[in-house]
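These are my notebook entries on a structure that I looked through element by element. I record what I looked up and what I found.

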Number of protein chains: 2
Amino acid sequence: MGGDSGPSVTVPAALQALRSNPQLSLLLVGNPDDITPLLARADFEQRSRLQVIPAQSVIASDARPALAVRQSRGSSMRIALEAVKEGRADACVSAGNTGALMGLAKLLLKPLDGIERPALMTVLPNKEQGKTVVLDLGANVDCDAIMLVQFAIMGAVMAEEVVGIASPRVALLNIGEEETKGPESIRDAALMLKKLSSLNYIGYLEANELLTGKTDVLVCDGFTGNVTLKTMEGVVRMFLSLLKSQGEGQKRSWWLKIVKRWLQNSLMRRFGHLNPDQYNGACLLGLRGTVIKSHGAANQRAFSVAIEQAVQAVQREVPQRIAARLESVLPPKD
Amino acid sequence: MGGDSGPSVTVPAALQALRSNPQLSLLLVGNPDDITPLLARADFEQRSRLQVIPAQSVIASDARPALAVRQSRGSSMRIALEAVKEGRADACVSAGNTGALMGLAKLLLKPLDGIERPALMTVLPNKEQGKTVVLDLGANVDCDAIMLVQFAIMGAVMAEEVVGIASPRVALLNIGEEETKGPESIRDAALMLKKLSSLNYIGYLEANELLTGKTDVLVCDGFTGNVTLKTMEGVVRMFLSLLKSQGEGQKRSWWLKIVKRWLQNSLMRRFGHLNPDQYNGACLLGLRGTVIKSHGAANQRAFSVAIEQAVQAVQREVPQRIAARLESVLPPKD
């Protein structure tokens, strides 16, 4: 029910995900009156892997998270998370209110031992055809040093166990590379990370290094991460749209048009892996279950990518692997 | 003396600025042993508009700002700012330590009445061929609501008086458009801005709207602004470099290569206004004098753009105009 467009995007995306993944089964939680008409195009086989779970209410995207959690009984978001908690689903995918999703997921699925607050994580493509794990992307607006250290550990486990990078480099996002730069929380986190011998901490990185592949894990607070990701998305989308419209309306000979189209397509392919739709879906790391947050503005293709992210997180046993590794990596408790 | 490359970039950039602006005179403050050899290429006429002012020391880029300010006597940065204070120069341009520049500029040039802390501001090109005033870009890592309101007022005056936008739209950068989103400082600033009838406050904007022209003024704390600007720079540079290298090393017929080069150049022209080198130089707004901060990594061309920004700020009387407008726009004191 969530996101800017609700079921009109999420239901067709669900059908698309079912088509491309024959192993997938989906529970669609929400208002059946909104959902059922959109299932008309599904064939019998798809319908057999699809179940509509009715929910009486929907958490509004502008609801205050704390209040939304208290009044969440019967809401689609809560019912979906309860399905994960009770083992009826392996993962929950939502394009709804991020704060409420974070609060409810924490309440119902519980954080892993040693983790205070889960973080939203995504794996960004970088220039070197590699991958960079980035977190937190918006689950925690304010973060202290200890939270940043926990995010760093979870990010490193993710990079090693799931992306497959041995001894992944971990950096803190800051406004300069010198030790004196940035707010106290980041400087304190740097001091703690340096002492963690199990972690390959490489220092501060500035935001212009986001896509250069200089680090495997980039850690920041949720406000900064959200702003960074959205800045990147905005610039990439603007480039792609300028590229598409390049030279439109100009009178050109037919052969020049063909060559131009060919060059455009080749550029689009080259930049395509940076298209934000391609990596929609941030994983809420640090919980005893898989929760994927889709961009609220996701289109059908992007939301189906978020569903695919959930499939992969389940198949790669992300929560279990993080839990198993946390014990050895976490600093000993006082 | 500042920036990643010091005089080897700033001195050639100064000569370039002198060549392109016949009205300009420059004082080069720093170590004469480093500067003088680089002046060999200047002709007699350029040398007549150029003066080397010796300085005994340089503030390190990684020095703690508070300490750097205390130990600043005799440093190139301080001598340059003193020249502005004493009227021997109209503006100071530096690629050095941002925190020290902010601290020293505040100490020597004093903030305008009603301004607690100056802010770094730049005018970004946007998709609609318009301009967006963005601040703070890194002068203040932590900002409370009152500072954000003051930045909004300064940004609006800048947009109206200098960029020439009537009743400029002012937005706060946040991680959602709903009133409940983001940290307390931003939510409080929003409440205050709504009450300022002299300001055209339009609410929150997310970072993906940075280049869409939805606002004329975008306000944020210095940490977020710095991260946002650098994220944008990183993505733009990556696109430009991918564009340049597109298809390199592939065997193609000569005519295809020519057409490809022509299309690439046309794309580069189209994206050129977004090249970070084109708008290097952030203005330290809110002082009784003109101070321009160049990117530390600026190349010769980018640093000469920062010098040109200083010329324009002086010609457009930015500090005087802001001072004159502040009185009528600032909320009445209790």
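Entry 1, a threonine and its contacts. I looked up Thr10(B) in this predicted model; leaving aside residues up to four places away in sequence, Thr10(B) touches Gly2(B) and Phe303(B). Thr10(B) belongs to helix H1 of chain B, residues 7-20. Its relative accessible area is 12%, so I entered Thr10(B) as buried.

Entry 2, the relation of the two chains. I superposed chain A on chain B: a turn of 180 degrees and a shift of 0.1 Å along the axis bring them together with an RMSD of 0.1 Å. That is the relation of a two-fold axis. The same surface serves both copies, as 98% of the contact residues of chain A recur in chain B.

Entry 3, the sheet of chain A. I traced an open sheet of eight strands with mixed pairing, in the order E3-E10-E9-E4-E5-E8-E6-E7. Strand E3 (91-94) and strand E7 (200-205) of chain A each have a single partner strand and stand at the edges, so one side of each lacks a neighbour in the sheet. From one strand to the next, the twist averages 25 degrees. Helix H8 of chain A (residues 184-195) packs on this sheet, where H8 touches strand E6 (169-173) and E7 of chain A. The direction of this helix makes about 160 degrees with that of E7(A).

Entry 4, strand E9 of chain B. I asked which residues of E9(B), residues 282-285, lie on each face. Ala282(B) and Leu284(B) are on one side, Cys283(B) and Leu285(B) on the other, and all are buried, so that both faces are covered. Strand E4 of chain B (residues 119-125) runs antiparallel to E9(B), joined by three bridges; Leu120(B) has Leu284(B) as its bridge partner. E9(B) is also joined to strand E10 of chain B (residues 290-293) by two antiparallel bridges, and there Ala282(B) is partnered by Lys293(B). E9(B) and E10(B) form a hairpin with four residues between them, and Gly286(B) in the turn has a positive phi of about 105 degrees.

Entry 5, aromatic pairs. I searched the whole structure and found one aromatic pair over all chains. The ring centres of Phe239(A) and Phe239(B) are 4.2 Å apart and the planes stand at 15 degrees, so the pair is stacked. Each residue lies in helix H9 (residues 222-245) of its own chain, so the pair joins two chains. Phe239(A) is buried, with a relative accessible area of 1%, and Phe239(B) counts as buried at 1%.

Entry 6, salt bridges. I counted 26 salt bridges over all chains. Glu160(A) and Arg325(A) form one of them, at 3.7 Å from N to O. Glu160(A) lies in helix H7 (residues 145-163) and Arg325(A) in helix H12 (residues 318-329) of chain A, so the pair ties together parts that are 165 residues apart in sequence. Glu160(A) is partly exposed at 31% relative accessible area, and Arg325(A) is partly exposed at 22%. In chain B, the side chains of Glu82(B) and Arg78(B) meet at 3.0 Å, N to O; both lie in helix H5 (residues 76-85), four residues apart, about one turn of the helix. Arg78(B) counts as buried, at 10% relative accessibility.

Key. Residues are numbered from 1 along each chain as its sequence is written. Chains are lettered from A and ligands numbered from 1 in the order in which they are written. This is a predicted model: local features need pLDDT of at least 70, side-chain atom pairs count only at pLDDT 80 or more; totals for chains, interfaces and linings use all residues. Side-chain values use heavy atoms; hydrogens and water are left out. Copies are superposed by least squares on the C-alpha atoms of residues with pLDDT of at least 70 in both. Contact means heavy atoms within 4.5 Å. Two strands pair if DSSP finds at least two bridges between them. Axes are lines fitted to C-alpha atoms, for helices over the stretch in contact, and angles run from 0 to 180 degrees between N-to-C directions. Buried means under 20% relative accessible area, exposed over 50%, partly exposed in between (1.4 Å probe, protein chains only). Rings of Phe, Tyr and Trp (its six-membered ring) pair if their centres lie within 6.5 Å; planes under 30 degrees apart count as stacked, over 60 as edge-to-face and the rest as tilted. A salt bridge is a side-chain nitrogen of Lys or Arg within 4 Å of a carboxyl oxygen of Asp or Glu.
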